Amino acid sequence: MKRLIPFALLLLSPTAAFAEAEDKELWISLGSDALAPLSEAFVREGWKAPAPSMSKEDVVVIPVRESQLSRIAEIMHDQFNRCAGFVTFESRDEAEQSLVPEPLVPSQELITYTIDNAAAVNCMANAVTEANVRSTINSLAAYTTRYYTSTTGVSAANWLRSRWATLASGRTDITTELFTHAAWAQPSVILTIRGTTLPNEVVVVGGHLDSTSSGSTAPGADDNASGIASFTEVIRAAVACNYRPQRTVKFMGYAAEEVGLRGSKEIAAYHKNNGINVVGVLQLDMTNYRGTSADVGIVTDYTNSAQNTFLRNLIATYFSTTISHVNTTCGYACSDHASWTNAGFAASIPHEAVVSQGNPYIHTTGDTIAKSGGTANHALKFSKLAAAFVAELAK
Ligand code: BES
Ligand code: ZN
């Protein structure tokens, strides 16, 4: 609800009054263990300590102002060695409802996973190249920031859309679009390959295209230019192999992940509310920093265990000598896969390492490709895995 601004205040300080009026109330959910340190930090900032409206098991819901979000993200990051996440909601109702887990949408229980499309997998997995993945990482990381409210954050999304459109030119079954969000400037980007025989069944591969703080440079080379680059190369390979999926495949670059999964939350809600049959979702967030001897950390929380098993089987079938994996957990809704999981869809996130041993430079000015040895060798493994996921799930 809009608050009235006293006329006297308008006369005294028009800009401050308008800034206040536009500073929307939002609601965030976060781990209860973060509440006390966050309250102390709020007081240090000169803000009122947060008052939870609801708490359940180990999660609480608190009201905040939109202008506080980026500082909250920094506080959470500084205070917890893990990046203690929070999820942002537009209303109190929506935030409180999120604490009640969504059952799988009924069609999800009928999905069967088979592995028998070696020709398509091998063509695409052999077509992907390190140089192309590196080039996309460098293009995205060159924007000063991809923060969701920044002009460069909007430009980066537009650049991605035109890059994808170029890759798909010549294919009338492939379209690209911007998914705009009413509450902020940066759009999400979606490329759709229409399915040949099962166009109403949808396979999603996505990752966030935004980066952090609008204040200084936020190259986000690993978080998450790398994930976007890994699957952008799958798009190129799909065209090079003249791959025509039976199911529809949608590649998605989500806006506004770093401020509480906001872009993906709207997109998952759109699919759910329109009864779109999303068969499976693969999230790529941070793919280019080899933090552990195992190549891939399969995140087992806020994900679908049957689909995670499918991922392990894909690796065993196609990449047993080149990609190793281990289980890991985030401990919270750490990326956009959780938006899909919370909406009742099957989602997985193969990560660059065991979560606690991933890239320590994320969310800083130092998140550059140099920290990954200047190559995209690690991210390329995720291109291969994503190619296999698409070829075997969208057939
Ligand atoms: N890429 C991170 C999530 C991540 C970090 C996954 C480390 C695995 C290991 C993501 O962009 C992020 O920063 N998420 C936030 C939470 C989000 C709900 C704002 C975080 O982790 O604090
Ligand atoms: Zn991040």
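Strand 1 (25-31), strand 4 (86-89), helix 5 (92-97), helix 10 (262-273) and helix 12 (337-342) each contribute at least two residues to the lining of the largest pocket. Helices (H or I, at least four residues) and strands (E, at least two) are DSSP runs numbered from the N terminus. The structure is a predicted model, in which local features need pLDDT of at least 70 and side-chain atom pairs count only at pLDDT 80 or more, while totals for chains, interfaces and linings use all residues. Side-chain values use heavy atoms, with hydrogens and water left out; residues are numbered from 1 along each chain as its sequence is written, and chains are lettered from A and ligands numbered from 1 in the order in which they are written.

The largest pocket encloses about 1100 Å³ of space. On a 1 Å grid over the protein atoms alone, a pocket is an open set of points with protein on both sides within 12 Å along at least five of seven lines, a cavity is a set of points where a 1.4 Å probe fits but cannot get out, and lining residues have an atom within 4 Å of a point. Grid points are joined across faces, edges and corners, and a volume is the space filled by probe spheres set on the points. Of the 43 residues that line the largest pocket, Ser29, Phe89, Ser98, Leu99 and Asn342 lie nearest its centre. Helix 10 gives the most to this lining, with 7 residues. By class, the lining of the largest pocket comprises 19 nonpolar, 12 polar and 12 charged residues, where Ala, Val, Leu, Ile, Met, Phe, Trp, Tyr, Cys and Pro count as nonpolar, Asp, Glu, Lys and Arg as charged, and the others, Gly among them, as polar. Because domain 1 (19-97) and domain 2 (106-393) both give residues to the lining, the largest pocket lies between them; the domain bounds come from an automatic or database domain assignment.

The zinc ion (ligand 2) has as its protein donors Asp223 (OD), Glu258 (OE), Glu258 (OE) and His363 (NE2), at 2.0 to 2.3 Å. Donors are N, O and S atoms within 2.8 Å of the metal (3.2 Å for Na, K and Ca), and sites may look incomplete because water is not among the atoms. Along the chain, the donors of the zinc ion (ligand 2) follow the spacing D-x34-E-x104-H. Asp223 in helix 9 (residues 221-240) and His363 in the loop between strand 13 (350-351) and helix 13 (377-393) are 140 residues apart, so that the pair links distant parts of the chain. Asp223 counts as buried at 5% relative accessibility, whereas His363, at 30%, counts as partly exposed; buried means under 20% relative accessible area, exposed over 50%, and partly exposed in between (1.4 Å probe, protein chains only). In helix 9, 17 of the 20 residues are buried.

The structure contains 2 cavities of 30 Å³ or more. The largest cavity holds about 40 Å³ of space, and the residues lining it include Asp223, Glu258 and His363. Its lining has 2 nonpolar, 5 polar and 3 charged residues. The second largest cavity holds about 30 Å³; among its lining residues are Ile137, Ala221, Asp222 and Asn288. The lining of the second largest cavity divides into 3 nonpolar, 4 polar and 2 charged residues.
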